[in-house]
Amino acid sequence: MEISTNTLQQIEDAINSYPEPKSALLKILHLFQQKDGYISQETIDWISKKLSMEPLNVLEVITFYPIFRTKPVGRFLLKICHTLSCELQNSSEVCKILQKELNCPELGGTSLDGLFTIEYCGCLANCDKGPNILLNGKLCQEITPENAKTFAFNLKRGIVP
Amino acid sequence: MGFSKILPANPHHMAIVERRVLLKHVDEPGYVTGLECYLNHEGYEVLKKSLLRKPEELRQEVVNSGVRGRGGAGFPTGVKWNFLKKSDKPIFLICNADESEPGTFKDRQIIHKDPHQLIEGIMLAAYAIQAKQAFIYIRGEMAEGADLLESAIREAKNKQFVGQNICGSSYSCDITVHRGAGCYICGEETGLIESLEGKRGYPRIKPPYFPANLGLYGCPTIVNNVETLCQVKHILDVGGKEYAKIGTPNNTGTRIWCVSGMVKKPGYYEFPCGSLTLGELIFDVCGGMFSGRNLKAVIPGGLSSKILKAGEIFRGSLKDGTPFEWSLTDIPLDYDSLTAVGSMSGSGGIIVLDNSVDMLRVIANICDFYAHESCGQCTPCREGSLWLKKITARMLNGQIFNTDPDLLLSIANQIEGKTICAHGEGIAWPVQSLVSKFKDEFLGETLLIPQKRLPQAPSEKEILARL
């Protein structure tokens, strides 16, 4: 497994920022996921050696946290807030529209062109400006059933709000 | 229904003006997140002057202020700090920025728009409790906020406000930003500590795992909310006794109320505790209901708090014995009043519901959320929340048995008080209050639609026969 010196340095910095190396696990997982899009078995093995842990203990952490994934997703990952304040602004309708427009019939699944993955997520703490969508980590607010089609249309052309 | 009788609690329409202390510079034109801008607005002055005082003096100021935690439980911060006992072990401070209680978005404003205020608050609290290291546990979804905080910490380090020998004193303390990864349960302080140790965020059992005694790495640890730590800065600026003059006794200081849902002007508003009523906040500050709609109910302190229904009359007596009789809109916005009416001020996330809202959708949404977020450690919460989700989802599909309300209540009652952490109450409370207050609506609506007429629930005999 090849890891750039820059990433290796970031991993060392992460470990050094805690009194105990194991605390850096979440930070390291975030780093790899940002780089590769997901956490592979190879990565799990590498991290477990690095932190002197069993691979199983790395995997149990990955499966506990919804943000980490062991499979690749589309180039654009859309997390739609589904909690009450956004739902009152009809976020599930927004979700349906986006699923149709971006060809993602299944929640959590990826469109055939490999571009889009749509899933639900918990509160994004921006409840006054719902419905909220997290697009590759960037918050997009006030995506309503009325403008969801335009949002999808732009996204297909690579235009991000 | 007496909806039309509900009038704004401020009949003379006196102007209600926000008192922004924490949010003073938030949204101010020209105010940016950089250190230079913060220093131009007297930034880090409180830290400089407080480092000249003894840590125990600062702790006493916080005790005198009477400030209570802004994260949800409302425990007095000074008392929490004084739980720390002298030992050989290092002390850790954790800032809980895992803002994930649905309906709450106050911490986001501070992190995104005034990060140095938070850093100053953290350094002051760290010095007061003599912490060896401080952590900010920020939500995994808030990647932008984490980057902002990290760059702000770097700036502050360059100017010696964080790190070695802060402001030339002998005190040193570093701040590490730790990103969570999408778990609601990691907002619970012991779950948060587990997560910070690089494990699954399973809450710990108390006793013995009270963080002040056995916290991070088994060392004494204090976990405070973002808003609480920012309050610390203002307490040490004006002094505890002076700060205690803001608000009402036992409910001191300002609070940021986050209003979302069916009002014209949702948003975040800062007011002294107890200085206005729920009605004034909804009708005068937030512009009231959309035209033609009526207030139906309010969830006053984040999704896990008990719902309050319009038309209800709340009677009882406050802690000091004063009797009260309030309608929903009369309730003063502070800790004690919301507790007195059987709910809580929680995280300050107020969700307003009007008569267009189907309460069955509300309860199904709440159950779906809590079932997903249960960590799975305790059987009552793991299984109970799942059944609540399944039953409410079925009801939403139109299949409603007239025994369902009692069944929901029975499950909720079996979760409450039987779990390691408060997640159990988090699901039980909204279900209990929604079912008891809106039972008629759950059952009544189906009567209007012939094909959804209430069937009798199958008897035990019939169920056995089907098997």
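**Exercise 1. A pair of neighbours in chain B**

Task: Find the residue with which B:D107 forms a salt bridge, and decide whether the two partners are buried or exposed.

Solution: In this predicted model, B:D107 forms a salt bridge with B:K106, and the closest N and O atoms of the pair are 3.1 Å apart. The next step is to look at accessibility, where the cut-off for a buried residue is under 20% relative accessible area. B:D107 has a relative accessibility of 2% and therefore counts as buried, and B:K106, at 1%, counts as buried as well.

**Exercise 2. Two further salt bridges**

Task: For the salt bridge between B:K199 and B:E194, state how far apart the closest N and O atoms are, and classify each residue by its accessible area.

Solution: Begin with the distance, which is 3.5 Å between the closest N and O atoms of B:K199 and B:E194. Then take the residues one by one: B:K199 has a relative accessible area of 27%, so this lysine is partly exposed, whereas B:E194 has a relative accessible area of 13% and is therefore buried. Elsewhere in chain B, salt bridges that share partners join B:E18, B:R20, B:D27 and B:K113 into one network.

Task: Determine in which helices of chain A the partners A:K50 and A:E12 lie, and how many residues apart they are.

Solution: The side chains of A:K50 and A:E12 meet in a salt bridge, with 2.6 Å from N to O. A:K50 belongs to helix 3 (residues 41–50) and A:E12 to helix 1 (residues 5–16), and since the two are 38 residues apart, the pair links distant parts of the chain. Finally, consider accessibility: A:K50 is partly exposed at 33%, and A:E12 is likewise partly exposed, at 29%. Over all chains, the count comes to 35 salt bridges.

**Exercise 3. Where domains 2 and 3 of chain B meet**

Task: Describe the contact between domain 2 and domain 3 of chain B, beginning with the domain bounds and ending with the residue classes on the side of domain 2.

Solution: The domain assignment divides chain B into domain 1 (42–245), domain 2 (250–354) and domain 3 (359–452). The C-alpha centres of domain 2 and domain 3 lie 24 Å apart, and the contact between these two domains takes 13 residues from domain 2 and 15 residues from domain 3.

The second step concerns area, and here a general remark helps: the size of an interface is often given as the accessible area lost when the parts come together. Domain 2 and domain 3 of chain B bury about 1,100 Å² between them, of which 70% is on carbon and sulfur atoms. On the side of domain 2, B:L303, B:K306 and B:I307 lose the most area to domain 3, and together they account for 45% of what that side buries.

The third step turns to polar and charged pairs. Between the two domains there are 2 salt bridges, and in chain B the residue B:K296 forms a salt bridge with B:E441, whose closest N and O atoms are 2.9 Å apart. Across this interface there are also 6 residue pairs in polar contact.

The last step asks which elements and classes build the side of domain 2 that touches domain 3. Strand 9 (295–299) and strand 10 (308–309) each supply at least two residues, and strand 9 gives the most, with 3 residues. By class, this side has 7 nonpolar, 2 polar and 4 charged residues.

**Exercise 4. The interface of chain A and chain B**

Task: State how many residues of each chain are in contact, how much area is buried, and which salt bridge joins A:E87 to chain B.

Solution: First, 37 residues of chain A are in contact with 57 residues of chain B. The two chains bury about 3,700 Å² between them, 58% of it on carbon and sulfur atoms, and A:F64, A:L84 and A:D128 supply 18% of the area that chain A buries, more than any other three residues.

Next, the count between the chains is 1 salt bridge, and the side chains of A:E87 and B:R361 meet in a salt bridge at 2.9 Å, N to O. The count of residue pairs in polar contact is 22.

Finally, helix 2 (25–36), helix 4 (55–64), helix 5 (84–88) and strand 4 (138–140) of chain A give two or more residues each to the side that touches chain B. The residues of that side divide into 18 nonpolar, 12 polar and 7 charged.

How values were computed:
Residues numbered from 1 in each chain as written. Chains lettered and ligands numbered in written order. Predicted model: local features only at pLDDT ≥ 70, side-chain atom pairs only at ≥ 80, totals over all residues. Heavy atoms only, no water. Domains from an automatic or database assignment. Contact = heavy atoms within 4.5 Å. Buried area = accessible area lost by both parts, 1.4 Å probe. Salt bridge = Lys/Arg side-chain N within 4 Å of Asp/Glu carboxyl O. Polar contact = N/O pair within 3.5 Å; in protein donor to acceptor, adjacent residues only side chain to side chain. Helix = DSSP H or I, 4+ residues; strand = E, 2+ residues; numbered from the N terminus. Nonpolar A, V, L, I, M, F, W, Y, C, P; charged D, E, K, R; others polar. Buried < 20%, exposed > 50% of the residue type's maximum accessible area, 1.4 Å probe, protein only.
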